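Here are a few exercises to work through with the structure open beside you. Try each one before reading its solution.

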Amino acid sequence: MNGGVSFWYAREGLPAPREPLSGDASADVVIVGGGYTGLWTAYHLKKAAPSLRITVLEQKFCGYGASGRNGGWLYNGIAGRDRYAKLHGRDAAVRLQRAMNDTVDEVIRAAAEEDIDADIHKGGVLEVARTPAQSARLKAFHERELSYGEKDRELYGAREAAERIRVAGAVGASWTPHGARIHPVKLVTGLARAVAALGVTVHESTPVTEIRPQRAVTPYGTVRAPYVLRCTEGFTAALRSERRTWLPMNSSMIATEPLTEEQWASVGWEGRETLGDMAHAYMYAQRTADGRIALGGRGVPYRFGSRTDNDGRTRPATIGALREVLVRFFPALAGVRVEHAWSGVLGVPRDWCATVTLDRSTGLGWAGGYVGSGVATANLAARTLRDLVRLDSGQAGRTDLTELPWVGHRVRKWEPEPLRWLGVHALYATYRAADRREATSPDARSSRLARAADRVAGRH
Ligand SMILES: Cc1cc2nc3c(=O)[nH]c(=O)nc-3n(C[C@H](O)[C@H](O)[C@H](O)COP(=O)(O)OP(=O)(O)OC[C@H]3O[C@@H](n4cnc5c(N)ncnc54)[C@H](O)[C@@H]3O)c2cc1C
């Protein structure tokens, strides 16, 4: 199957739609977007102040975006941490990293409290290196993570890495306990249910066409509120005046048929770690609760004019490329059938830094730009938005979260087309070329091509 939003929905079934907005309305807080960011924000605000009137407006159904399509890595990575260290000092970035480590456990805790069974397994994250250049990057990455206070991360040689997962050609790995495998759709649909049960008004099939101070405009009416929070991540460019804010970057995935006991014995992976690598165009994977491998990577990175969706349909060339990665990693699985392929969009800011902001002069807030690591980050962003709204409305004071360095960060917009399209395609063509070169080179230094691409892209 190709598309159908995602494999996760194909298994669970698409949810019955909630009522759209019918006419003008008012609220204390209106949230645009029903993914993890919007729903966690509604959840934490309502928990903190049950009398708040909160409305979520979702263009399709909750979890239609990346939150219903992702690779299910609930982990402690956050886009932009190194830049925040440069801008605000190492201590500030260490606080941000600690908050992210805690967030993994916070999501697990909240899911348990709300009776959301999202197939969560906290087996940590294993990132492998398969070439000399990847190995050098892995060691540098490992050291960097330790320097942000991660005492419990472990560095493995080839043998120890294989004891966890037998990836062909792996020469080493870095493992952190701060990660869990989840079922993305079970989390987002459970969360939407919990939010609605708390008394938050959730309207689906309700696209917001314009966000202005104190109002969210839809074809069916306008919702007025002192606070309007934009939680639209990869779809943000479709909003008037936000065309060049966050670039919608595609990520694509495949899911195999369930593996046999014998096949699992050849692979290992008993710890259910999430698995990634150190390639420039990296892969990410999980062992699903029903015994498959779900594996993702970059296909067509970006579509001209920031176009986004076709319900997850994925080009055959991308499916073929992901299958090749699967077989390169696990040659014994060459005969395994790929049952499903899908794609989604994530939001990429011009400086690749995630952010959470409440503009106190207008009451407009937003959170996102998580690049590829938003499953846990969305929860931290949501609790931060809660604290910012409560601070601004005089319900509470400053908190540890309102003082984190990503709060209030502003970044310049992306270039207009066709520069944007040309730039992103050139970037990923360069990364792929660099990966190919590194695959056959004994040189431990990262390809000069990729280093130059990183600089041009504004990533480092
Ligand atoms: C294929 C893929 C794999 C990924 N894998 C991982 C992973 O393993 N780990 C990880 O940490 N991150 C991963 N990510 C990123 C992660 O899924 C996202 O960062 C996270 O889900 C973002 O949540 P969100 O709520 O901010 O955005 P979304 O989930 O995209 O939600 C935005 C919502 O807003 C709605 N919306 C948009 N515009 C409007 C509008 N105008 N009016 C009303 N509603 C609107 C959309 O329909 C959507 O439901 C992946 C992303 C993709 C695409």
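**Exercise 1.** In what order do the six strands of the open sheet run, and how are they paired? This is a predicted model, by the way.

*Solution.* Start with the order: E9-E3-E2-E13-E20-E19, with mixed pairing. Next, look at the edges. Strand E9 (201-203) and strand E19 (355-359) each have a single partner strand, so each has one side without a neighbour in the sheet. Going from one strand to the next, the twist averages 15°.

Now zoom in on one edge. E9 runs parallel to strand E3 (residues 54-57), and three bridges join the two. Pick out Leu 57: its bridge partner in E9 is His 203.

**Exercise 2.** Find the strands that H2 lies across.

*Solution.* Follow H2 over the sheet and you'll cross strand E2 (29-32), E3, strand E13 (227-230) and strand E20 (364-368). Against E3, the helix runs at about 170°.

**Exercise 3.** Work out which residues and elements surround the ligand.

*Solution.* The shell holds 44 residues, and the closest are Gly 33, Gly 35, Gly 65, Gly 344 and Gly 374. Then ask which elements give two or more residues to it: these are helix H2 (36-48), strand E14 (247-256) and strand E18 (338-348). Finally, sort the shell by character, and you get 20 nonpolar, 20 polar and four charged residues.

**Exercise 4.** Asp 115 has a positive phi, and Arg 272 does too. Place each one and decide how exposed it is.

*Solution.* First, the background: most residues other than glycine have a negative phi. Asp 115 has a phi of about 60° and sits in the loop between helix H4 (90-113) and strand E5 (125-129). Count its C-beta neighbours inside 10 Å: there are 9, so Asp 115 is exposed.

For Arg 272, phi is about 55°, and the loop is the one between helix H8 (261-267) and strand E15 (274-277). Here the count inside 10 Å is 19, so Arg 272 comes out as partly exposed.

**Exercise 5.** Is Ser 174 buried or exposed, and what does it touch?

*Solution.* Locate Ser 174 in strand E7 (residues 172-176). It has 24 C-beta neighbours inside 10 Å; the cut-off for buried is 20 or more, so Ser 174 is buried. Leaving out residues up to four places away in sequence, Ser 174 touches Glu 127, Leu 138, Phe 141, His 142, Arg 153 and Leu 155. Take Arg 153 as a check: it is 21 residues from Ser 174 along the chain, and their C-alpha atoms are separated by 7.1 Å.

Note on methods: Residues are numbered from 1 along each chain as its sequence is written. This is a predicted model: local features need pLDDT of at least 70, side-chain atom pairs count only at pLDDT 80 or more; totals for chains, interfaces and linings use all residues. A residue is near a molecule or strand if its C-beta atom, placed from the backbone, lies within 6 Å of it. Helices (H or I, at least four residues) and strands (E, at least two) are DSSP runs, numbered from the N terminus. Ala, Val, Leu, Ile, Met, Phe, Trp, Tyr, Cys and Pro count as nonpolar, Asp, Glu, Lys and Arg as charged, and the others, Gly among them, as polar. Two strands pair if DSSP finds at least two bridges between them. Axes are lines fitted to C-alpha atoms, for helices over the stretch in contact, and angles run from 0 to 180 degrees between N-to-C directions. Two residues are in contact if their C-beta atoms, placed from the backbone, lie within 7 Å. A residue is buried if 20 or more other C-beta atoms lie within 10 Å of its own, exposed if 12 or fewer, and partly exposed in between; C-beta atoms are placed from the backbone.
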